[in-house]
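Hello,

Here is the structure I promised to pass on. Please open it first, then read my notes below.

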Amino acid sequence: MASELGVQTIQHTNGTDALTIGSDGSVLTPNRPAFSAWLDVTQTGLGINTHNTVVYDTVDFDTTSSFNTSTGVYTAPVTGIYQFSVFVNPDMSSGTADRMWGYFRIPNKTLDYQFAHLPTYASDRLGFSGSLIVDLTANDTIYVTTYVNQGTTYSHNGDDGQFKYNWFTGYLIG
């Protein structure tokens, strides 16, 4: 015996739409935490032998206003499993680095999540990317850093009007 439940919208008791089912079968969750941020203004003079946070200063969207464009830090609004992706385009055109790393940093976790390690880095347009699925508790924070162990200062490239060279995205899986 088959059962059928015909609904268009599922709401919380306060009237907020939690789930909408379109006539074509599409399912939307309009309040699912999600963001897309990118770096517009180049960060220059970044130091050696220190974690330099990529401060993504522009947001395409942020469904829960949880991304801080002044610090580059995302704060999880609810507990759950999250997916994050990043692309970093550092500029070492003024020198050479012996090694460069990229990290997802989550202060409440016991370790950082390394997503890139570039040996003998000497380029002004070599980027690297990473992704992470992680369990976060409400109010946990996550941000992206780069680390160079020797060489000269470097930069995180901003938007040039045509390309977004540095971006960071994330969303709640469930």
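**A buried asparagine**

Asparagine 166 has 0% relative accessibility, so this residue counts as buried. A word of caution before more detail: this is a predicted model.

Where does asparagine 166 sit? It is found in the loop between E16 and E17. Its side chain has a polar atom 2.6 Å from the backbone nitrogen of asparagine 89. Leaving aside neighbours within four places in sequence, asparagine 166 is in contact with nine residues' worth of company that includes Ala37, Trp38, Leu39 and Tyr56. Phe87, Val88 and Asn89 are also among its contacts. So are His156 and Asn157.

**The chain overall**

The protein chain has 17 strands and zero helices. Its C-alpha trace spans about 70 × 40 × 30 Å along the principal axes. Of its 174 residues, 37% are buried. The accessible surface comes to about 9200 Å². Carbon and sulfur atoms hold 49% of that surface. Now take the contacts in the chain with a separation of 6 or more: 70% of them join residues 24 or more positions apart.

**Aromatic rings**

How many aromatic pairs does a search of the whole structure find? The count is 16. One of them is formed by phenylalanine 35 and phenylalanine 84. That pair is tilted, with 6.2 Å centre to centre and 45° between the planes. Phenylalanine 35 lies in strand E4 (residues 34–38) and phenylalanine 84 in strand E10 (residues 80–88), so the pair ties together parts that are 49 residues apart in sequence.

Are these two residues buried or exposed? Phenylalanine 35 is buried, and phenylalanine 84 is too. Both also belong to a cluster linked by ring pairs. The other members of that cluster are Tyr56, Phe67, Tyr74, Tyr82, Phe104, Phe115, Phe128 and Phe168.

**The nonpolar core**

The largest nonpolar core has 30 residues. Which of them have the most contacts inside it? They are Tyr56, Phe84, Phe104, Val144 and Phe168. Elements that give two or more residues to this core include E4, E10, strand E12 (97–105) and strand E13 (113–121). Strand E14 (128–136), strand E15 (141–148) and strand E17 (167–172) do so as well.

Phenylalanine 84 has a long contact list, not counting residues up to four places away in sequence. Among the residues it touches are Phe35, Tyr74, Phe104 and Phe168. Leu132, Val134, Leu136 and Ile142 are on the list too. Thr169 is another.

**Threonine 169**

Threonine 169 lies in strand E17. Its relative accessible area is 23%, so the residue is partly exposed. Leaving aside neighbours within four places in sequence, threonine 169 is in contact with Phe35, Ser36, Gln83, Phe84 and Ser85. Its C-alpha atom is 10.0 Å from that of phenylalanine 67, a residue 102 positions away along the chain.

**A three-stranded sheet**

Three strands form an open sheet, in the order E5-E16-E11, with antiparallel pairing. Strand E5 (43–46) and strand E11 (90–91) are the edge strands, since each pairs on one side only. E5 and strand E16 (residues 154–156) pair over two bridges, in the antiparallel sense. Which residue in E16 is the bridge partner of leucine 46? It is tyrosine 154.

Best wishes

Definitions and conventions:
Residues are numbered from 1 along each chain as its sequence is written. This is a predicted model: local features need pLDDT of at least 70, side-chain atom pairs count only at pLDDT 80 or more; totals for chains, interfaces and linings use all residues. Side-chain values use heavy atoms; hydrogens and water are left out. Rings of Phe, Tyr and Trp (its six-membered ring) pair if their centres lie within 6.5 Å; planes under 30 degrees apart count as stacked, over 60 as edge-to-face and the rest as tilted. Helices (H or I, at least four residues) and strands (E, at least two) are DSSP runs, numbered from the N terminus. Buried means under 20% relative accessible area, exposed over 50%, partly exposed in between (1.4 Å probe, protein chains only). A nonpolar core is a set of buried Ala, Val, Leu, Ile, Met, Phe, Trp, Tyr and Cys residues joined through side-chain atoms within 4.5 Å. Contact means heavy atoms within 4.5 Å. Two strands pair if DSSP finds at least two bridges between them. Accessible areas come from the Shrake-Rupley method with a 1.4 Å probe; for residues, only the protein chains shown count as cover. A polar contact is a pair of N or O atoms within 3.5 Å; within protein, one must be able to donate a hydrogen and the other to accept it, and residues adjacent in sequence count only if both atoms are side-chain atoms.
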